[in-house]
Amino acid sequence: MNTGKSGSLRSTLLASSLGVASLAMVIGTAAAGDVGTAGGPRHLEAGQPVAMVHATVEAAQRARAQKPSRPTSGGSSNLSYHGGSVQTAPKIYVVFWGSQWNNNDPSQEAVTLESFYAALSGSSWSATDTQYCEGVASGTVFCNGKGTAAGNSPMYASYWYDNASLAPTHPKQSQIAVEAVRAAGHFSVTTASGNANVQYVIATATGNNSSGFGTQYCAWHSSTSSTYGNLSYTNLPYITDAGSNCGANFNNLGPDAGITIVAGHEMAESVTDPFPSSGWTDSKGSEIGDKCAWNSATANETLGGSMFPVQPLWSNAAASGSGGCVMSY
Ligand SMILES: [Zn+2]
């Protein structure tokens with residue numbers, strides 16, 4: 001399997017030099033996933049809303065290898081508004097779900113997530129979200145000060161160890177949705193207007209992740225209706241369980257790099273498209289994070305005085321409005 005940048009490049013060059021047979025093999029491999037768009041909308045469970053999946057490193061590189069000349073910028077590639085809401089004063093609530101977390105966090109993901117979310121407030125990295133807005137005409141690409149912009153401060157609200165009993169070993173989407181509703185009750189966010197600005201991050205313990213993690217996705221976010229209104233939530237698996245396919249040592253950023261790369265991706269998307277896909281996506285359904293997932297510009301960024309690995313985010317404003325992946329805004 002090609003899990004490194006050099007491996008991906010090598011297979012592309014190999015295909016070019018060896019001709020049709022090898023090229024067919026590469027295309028055949030790529031056909032296992034969506035061609036050209038590694039991440040984005042998926043239907044994971046019957047009866048559940050669409051989930052926006054964060055591609056694995058392998059899937060992202062496969063997609064790029066198959067379309068090496070695909071433009072990474074250009075007006076038609078920008079995000080546009082789909083008529084729903086964005087989070088104008090976003091808040092993040094994290095749930096460490098299940099007694100499987102008790103004395104069982106080998107990569108110290110809980111403390112990493114808590115410090116990362118706390119460091120985001122007002123950062124120039126997450127500020128890229130703020131060029132997107134709600135309350136403008138569907139199809140809008142540049143808000144130009146109209147409508148209400150997505151917010152960037154404050155961000156991190158609280159966490160909850162829901163660890164009195166076991167979580168499902170491999171929770172389905174519907175089970176994670178129920179846990180998000182439970183979290184809303186726990187945090188007493190019980191109105192639709194309150195939940196319009198909240199994202200619930202449901203973090204599963206090591207060895208207890210949803211099936212498909214590490215092969216079909218690194219995480220995903222979705223929404224669910226409830227008596228507390230529509231809720232936006234993220235399925236955040238125990239990222240280091242997937243090794244390099246979800247970011248371990250990506251760009252030489254260390255074995256735990258994937259934790260904040262993936263968490264940051266989902267955070268930014270939940271702000272700009274909290275109830276998929278009624279917020280901001282491109283014409284293929286990709287969101288602000290998907291378009292720049294596992295991008296070579298992924299790097300350590302200073303957030304709140306500490307360094308965290310994060311990926312760039314798509315900015316319509318970059319390159320004089322052609323759009324591009326940026327680390328600050
Ligand atoms: Zn995504």
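1. Two residues are taken to be in contact if their C-beta atoms, placed from the backbone, lie within 7 Å. On that basis, 73% of the contacts in the protein chain between residues at least 6 apart in sequence join residues at least 24 apart. The structure under review is a predicted model, and the points below should be read accordingly.

2. Confidence and overall content. The mean pLDDT of the protein chain is 88, and 86% of its residues reach 70 or more. Two segments call for caution. Over residues 1-36 pLDDT stays under 50, and the model has 37 contacts beyond four places in sequence for them. Over residues 69-75 pLDDT likewise stays under 50, with 9 such contacts in the model. The secondary structure of the chain comes to 8 helices and 15 strands. Of the 329 residues in the chain, 48% are buried.

3. The sheet. An open sheet is formed by 7 strands in the order 1-2-9-10-8-4-7, with mixed pairing. Its edges are strand 1 (40-42) and strand 7 (156-162), each of which pairs on one side only. Direction ignored, neighbouring strands of this sheet are turned by 25° against each other on average. In general terms, strands of a sheet pair through backbone hydrogen bonds, either parallel or antiparallel. Both kinds of pairing are found here, as the next two points set out.

4. Strand 8 and its partners. Strand 8 (198-204) runs parallel to strand 4, to which 7 bridges join it. In this pairing, Tyr 93 stands opposite Tyr 200 of strand 8. Strand 8 also pairs with strand 10 in the parallel sense, over 5 bridges, and Ile 202 stands opposite Asn 235 in strand 10. Is strand 8 mostly covered or exposed? Mostly covered: 7 of its 7 residues are buried. This applies to both of its faces, with Val 198, Tyr 200, Ile 202 and Thr 204 on one side and Gln 199, Val 201 and Ala 203 on the other.

5. The antiparallel pair. Strand 9 (residues 219-224) and strand 10 (residues 231-236) pair in the antiparallel sense over 5 bridges. Within this pairing, Thr 224 has Leu 231 of strand 10 as its bridge partner.

6. Helices lying across strands. Helix 4 (residues 109-119) lies across strand 4 (91-97), strand 7 and strand 8, and runs at about 175° to strand 4. Helix 5 (residues 173-186) lies across strand 2 (51-54), strand 4, strand 7, strand 8, strand 9 and strand 10, and its angle to strand 10 is about 120°. One residue may illustrate contacts at the level of single positions: leaving aside neighbours within four places in sequence, Ala 180 is in contact with Tyr 200, Ile 202, Thr 224, Leu 231 and Tyr 233.

7. The nonpolar core. The largest nonpolar core has 81 residues, and those with the most contacts inside it are Val 94, Val 95, Ala 180, Tyr 200, Ile 202 and Ala 203. Helix 7 supplies the largest share of this core, 8 residues. Helix 7 (residues 257-272) has 16 residues and reaches 23 Å from its first C-alpha to its last, close to the 22 Å expected at 1.5 Å a residue. Why is helix 7 described as largely enclosed by the rest of the structure? It is so described because 16 of its 16 residues are buried.

8. Cis peptide bonds. Most residues other than glycine have a negative phi, and most peptide bonds are trans. Two peptide bonds merit inspection against that background. The bond from Ser 153 to Pro 154 is cis, with omega near -5°; Pro 154 is found in the loop between strand 6 (148-149) and strand 7. The bond from Pro 276 to Ser 277 is also cis, with omega near -5°, and Ser 277 is placed in the loop between helix 7 and strand 11 (280-281).

9. Positive phi values. Ser 188, in the loop between helix 5 and helix 6 (192-195), has a phi near 60°, a positive value in a residue other than glycine. Trp 294, in the loop between strand 11 and strand 12 (299-303), has a positive phi near 55°. Which of the terms buried and exposed applies to each residue? Ser 188 counts as exposed because it has 9 C-beta neighbours inside 10 Å, the limit for that term being 12 or fewer. Trp 294 is buried, with 28 other C-beta atoms within 10 Å, where 20 or more are required.

Technical notes
Residues numbered from 1 in each chain as written. Predicted model: local features only at pLDDT ≥ 70, side-chain atom pairs only at ≥ 80, totals over all residues. Pairing = 2+ DSSP bridges. Helix = DSSP H or I, 4+ residues; strand = E, 2+ residues; numbered from the N terminus. Axes fitted to C-alpha atoms, helices over the stretch in contact; angles between N-to-C directions. Expected span 1.5 Å × (residues − 1). Core = buried A, V, L, I, M, F, W, Y, C linked by C-beta atoms within 7 Å. pLDDT = per-residue confidence, 0-100.
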